[in-house]
Amino acid sequence: MRKCVNWLIFSAVGVILALGAFIFNFWILPLLVNYQVGKTMALENGTMAWDIFLKTPVPMYLSIYFFNIENPEGMVRGEKPKLKEVGPYVYREMREKHDVVVNNENDTVLYHQGMTFTFDAEKSYPRSDNDKVSLANFAIHLISQVVESLEYPVSLVSEIVDIALSELLKDKYGPTITFTVKEILFDGFQFNCTNNNSTTVKVVCSALKHFPKIKILSETEDGNLLAAILRYKNTTYDGLFEINRGTRDYASIGEIVSWEKKTKLDTWSGDYCNSFKGSYDITLMPPFVTKDTKFKLFSTDICTTAPVEYYGDTEYRGISGMRFKTTSSFMANKTEVPENACYCPSSIGNLTLPGECPPTGTLDLSTCMNIPALISYPHLLHASPYYHSLVEGLTPNESLHETYMDLEPTTGIPLRGYKRFQLNIYIKPNSAIKLIENVSFALVPILWVEEGAELGDDQVNMLRDQLLKVLHIADIVKWVLIACGVCMALVGIGMAIWNVRKTHYHPD
């Protein structure tokens, strides 16, 4: 009988061990993991997370693809624009925080983010940033549309613009604009305002200088104007950010609290479009993500946020991740998503009339960039077939042109991610400007951009060694303990039953 009791005790110990391992796994271990991850990822001065926050160690690349116009003279006669994609022209992107100030009372950190872009000849080969590209002449079309949208437009203004632009651009004045890649993107091409005695030139230059700030236009020290699509990103900060450090609430790590000391924008006509509080920068994501996690990414380039949601599971170099993509509601028209009505362009500086609401698959940046440009996904992916029919040469492909990021779910560390957007302009006829009086209406791409990064070997090994390996070992130990407990319970019960039967049949 004593042996039977001993085996029952042995079995009870096994049950307790199994239950203890089960409780530890589903209650205590998650708390310990969350605490350790939060402590590791929180932005505390002197930690590795802080150093990574100050200067992104993961190589980021900006790849640019241009759309050459193959039939410039045909466009003047009203033919569809025929497009040919050229690229990529790849730039190494470096991000570094400046003017960093910690606010311990609010558990936040304030900073300016600086970005520099350096041409990567190796990744761009055989292309060079001295290559010339021939794009739709966006200067003429953008200025023409701004003039036409003035509250009191007159054909005389358009005629003055026509004369002035022909003198400003001289041999570059045509249906396309041809410059080198580095001139179009960063170095700029010049509007000669000071060495020209033409009254019309002086009038147009003065108007451009006093127009609400245009991101792609800057004034030189000698009074001339310089146009470059991405120059502003390479020469200025993109505003004063304030984000949550997460030392008190780990789940809020990286959450944007304010930008330029404002908790919402005033760019758009409604709070839904202006709200960015609680969103994130693309380089710093929240930890502890699940399939139900939804959040927004804030970009100063588009003056708003892009909502993202879980799409599916993925794997990167042996590390399990979750893929998040921009939602279908982003860049949907107001008929499909009524809240998007606030993205309908309002007046530029109270000078122009409000514009038409953008079509599905596009976002009008008139009130963001102060020029009537639109962004979309590359090759007008997800845009209306109508706009595809107005041009030739577009081949949208989800795998090549969608925006997504893969996150390690426990830490929220981005394993890889690609942000892809395209810059477009409307081409519209204007009877007062001879060069475009017969063009056909179209939404024409200028270029598309892929901003991407993937964890390198050092970051992958660090992630494995410092966190995932520990979690994997804990997972193995858990199942070993549960298995041992179950085995002890079964063996104990089995031996107890065997002893009872033995005693019953052999009482001596």
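A cavity is a set of grid points where a 1.4 Å probe fits but cannot get out. The exercises below apply this term to a predicted model.

**Exercise 1.** State what the secondary structure of the protein chain comes to, and what share of its residues is buried.

Solution. Start with the elements: the chain has 14 helices and 18 strands. Then take burial: of the 508 residues, 51% are buried. Turn next to contacts between residues at least 6 apart in sequence: 66% of these join residues at least 24 apart. Last comes the accessible surface, about 24,500 Å², with 57% of that area belonging to carbon and sulfur atoms.

**Exercise 2.** Find how many cavities of 30 Å³ or more the structure holds, and describe the largest cavity.

Solution. A search of the whole structure gives 6 cavities of 30 Å³ or more. The largest cavity holds about 350 Å³ of space. It is lined by 19 residues, and those closest to its centre are Leu 230, Tyr 232, Asp 301, Phe 421 and Val 449. Two or more lining residues come from each of helix 9 (231-235), strand 17 (414-427) and strand 18 (442-454). Strand 17 supplies the largest share, 4 residues. Sorted by class, the lining has 13 nonpolar, 2 polar and 4 charged residues.

**Exercise 3.** Describe the second largest cavity and its lining.

Solution. The volume is about 250 Å³. Of the 23 lining residues, Asp 281, Ile 282, Phe 298, Ser 299 and Lys 419 are closest to the centre. The elements giving two or more residues to this lining are strand 3 (108-119), strand 11 (294-299), strand 16 (404-407) and strand 17. By class, the lining of the second largest cavity divides into 11 nonpolar, 5 polar and 7 charged residues.

**Exercise 4.** Place Asp 301 in the chain, decide whether it is buried or exposed, and list its side-chain polar contacts.

Solution. Asp 301 sits in the loop between strand 11 and strand 12 (304-316). Buried means under 20% relative accessible area. Asp 301 has 19% relative accessibility, so it counts as buried. Its side chain makes a polar contact of 3.1 Å with the side chain of Tyr 232. Another polar contact, of 2.9 Å, joins the side chains of Asp 301 and Lys 233. Leaving out residues up to four places away in sequence, Asp 301 touches Lys 215, Tyr 232, Lys 233, Leu 365 and Cys 368. To link this with Exercise 2, note that Asp 301 and Tyr 232 are both among the lining residues closest to the centre of the largest cavity.

Conventions:
Residues numbered from 1 in each chain as written. Predicted model: local features only at pLDDT ≥ 70, side-chain atom pairs only at ≥ 80, totals over all residues. Heavy atoms only, no water. 1 Å grid on protein atoms, 1.4 Å probe; cavity = no way out; pocket = protein on both sides within 12 Å on 5 of 7 lines; lining within 4 Å. Points joined across faces, edges and corners; volume = space filled by probe spheres on them. Nonpolar A, V, L, I, M, F, W, Y, C, P; charged D, E, K, R; others polar. Buried < 20%, exposed > 50% of the residue type's maximum accessible area, 1.4 Å probe, protein only. Contact = heavy atoms within 4.5 Å. Areas by Shrake-Rupley, 256 points an atom, 1.4 Å probe, with all protein chains shown as cover. Polar contact = N/O pair within 3.5 Å; in protein donor to acceptor, adjacent residues only side chain to side chain.
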